[in-house]
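Good morning, everyone, and thank you for making room for me today. I would like us to look together at one structure and at the charged side chains in it.

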Amino acid sequence: MLSETLVGEVLSRARLGGADYAELYVERWRRRSLRMLSGEVKEAASGLEYGAGLRLLYGSEVVYAYTNDLSAQSLLELTETMVKLKGRAGQVDAQGRGGLDFRKQAAQGLHAPEVPLSAKDRRYRLERLLEAEAAARVAPEIKQVQTQLLEWDQEVLVATSEGKWVEDRRVRTRYVVTAIAQGEAGMQTGSVGPGKSVGLELFELYPPGMVGRQAGEQAMTNLRAKPAPAGTMPVVIGNAFGGVIFHEALGHLLETTSVAKKASVLCDKLGEKVASPCVTYIDDGTTPHGWGSSEFDDEGLATERTVLIENGVLKSYMVDRWGAWRTGLRPTGSGRRQDYTFAPTSRMRNTFIAPGDTPKEKLFEGIEFGLYAKDMGGGQVKPGSGEYNFAVKEAYIIRRGRIEEPVRGAMLVGKGPDSISKIAAVSSDLETAPGMCGSLSGSLPVEVGQPHLLISEIVVGGQA
């Protein structure tokens, strides 16, 4: 996207100006979206974005600037504006060794699509969305269906004053079906939204008929449901998007963005027991075609599988370059940003609780009265303490070890570090689900996940 000569000149001038570290991030991003409501196209958009961000570090002090003018004059003017007149460029020794090494690291295409976004026309996309809508209308009470398709094709270049030159391409596709049912209980919704780092083969992996039907059936289940009970009780949380609780209320506490500032209750606890012994918690940027996967992070480091908690003991944090300088910990390829207008920070990628060995049906045995939170919705979290409250999208009463009537309006309330210490058993049926995570450095695609698991005690907010 830029010549090596120009990149080298920008980084050299930054180092000449006294920066301890310089990093140039360049991207070209094609995005398309298509939204339909009850069979009519309501939104169809596409666009091409490009730009560059230059980050300089003076010790732990960060200076960041960005531009969408990629001409040599613009980039060099931006650099001159940022730097101070001190330091040396390239750092070549008397024998001529050293300098900036821009040997390229190219992506291997580990997450490349089988069906590129350019392989199909708009009619193909409309037909898939209409198929999903038809399947969502499982009963006359389904009054409205919205379908939305999102496609990303992002090319990234990261070059640093340490000599890294990394190119990556990230293709992601997701579609969401939302069904609204109306009856005596008012209006109730159901929604399903698969997404992966793949092309249009997503429709083969998650057929529109199946996804639409699941959304419609969830809306009808909530329409028939009674108000949820309130109180402290054992809760079985479903797999896949059930992991959003621990993403929000635990995962963010393990990012060096908060750890380095001593803003997390889990800082300075490496090697300590912080969770139930049956819990192993992992953040994996290498998951094949994961919604949050990439071959390199946005600082040019190869992504990796980071075991955060192993058998209840804290083993690692998620560490970006800034966090590494502040804490002395090894970077884990966790530096991410929404786009070139954001400086990177440590962020989750695909984060999940590892499978256990308890059969799913055993989780319910012995529960006299409790809640089965089959599918989770959104919620709120206090970043420093991990205090949370999350809505449950689909829930059922557990009575004498059996899953019985559906209930609606349930909220789960607690603290992430407390809840993870009360996990009594973990099943083997790990599944993950896509979502968007908003935090420092913008909104990012992430996967959350877990097997079914039993929390021995949790506060349920309800109406009855």
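I will go through a few salt bridges, one after another.

Please keep in mind that what you see is a predicted model. A search of the whole structure finds 28 salt bridges, and I have picked out three pairs, beginning with glutamate 151 and arginine 125, whose side chains meet with 2.7 Å from N to O. Glutamate 151 belongs to strand β5, residues 142-160, while arginine 125 belongs to helix α3, residues 122-136, so this salt bridge ties together parts that lie 26 residues apart in sequence. Are these two partners buried or exposed? Glutamate 151 is buried, with a relative accessible area of 4%, and arginine 125 also counts as buried, at 5%.

The second pair is arginine 128 with glutamate 131, where the salt bridge spans 3.3 Å from N to O. Because these residues are three apart in helix α3, about one helical turn separates them. Here arginine 128 is buried, at 17% relative accessible area, whereas glutamate 131 is partly exposed, at 36%.

The third pair joins glutamate 304 and arginine 330, at 2.9 Å from N to O. This pair links distant parts of the chain, 26 residues apart, with glutamate 304 in the loop between β11 and β12 and arginine 330 in the loop between α8 and β14. Glutamate 304 is buried, with a relative accessible area of 19%, which falls under the 20% cut-off, but arginine 330 counts as exposed, at 52%.

Finally, salt bridges can share partners, and in this way Glu23, Arg55, Glu299 and Arg337 are joined into one network.

Note on methods
Residues numbered from 1 in each chain as written. Predicted model: local features only at pLDDT ≥ 70, side-chain atom pairs only at ≥ 80, totals over all residues. Heavy atoms only, no water. Salt bridge = Lys/Arg side-chain N within 4 Å of Asp/Glu carboxyl O. Helix = DSSP H or I, 4+ residues; strand = E, 2+ residues; numbered from the N terminus. Buried < 20%, exposed > 50% of the residue type's maximum accessible area, 1.4 Å probe, protein only.
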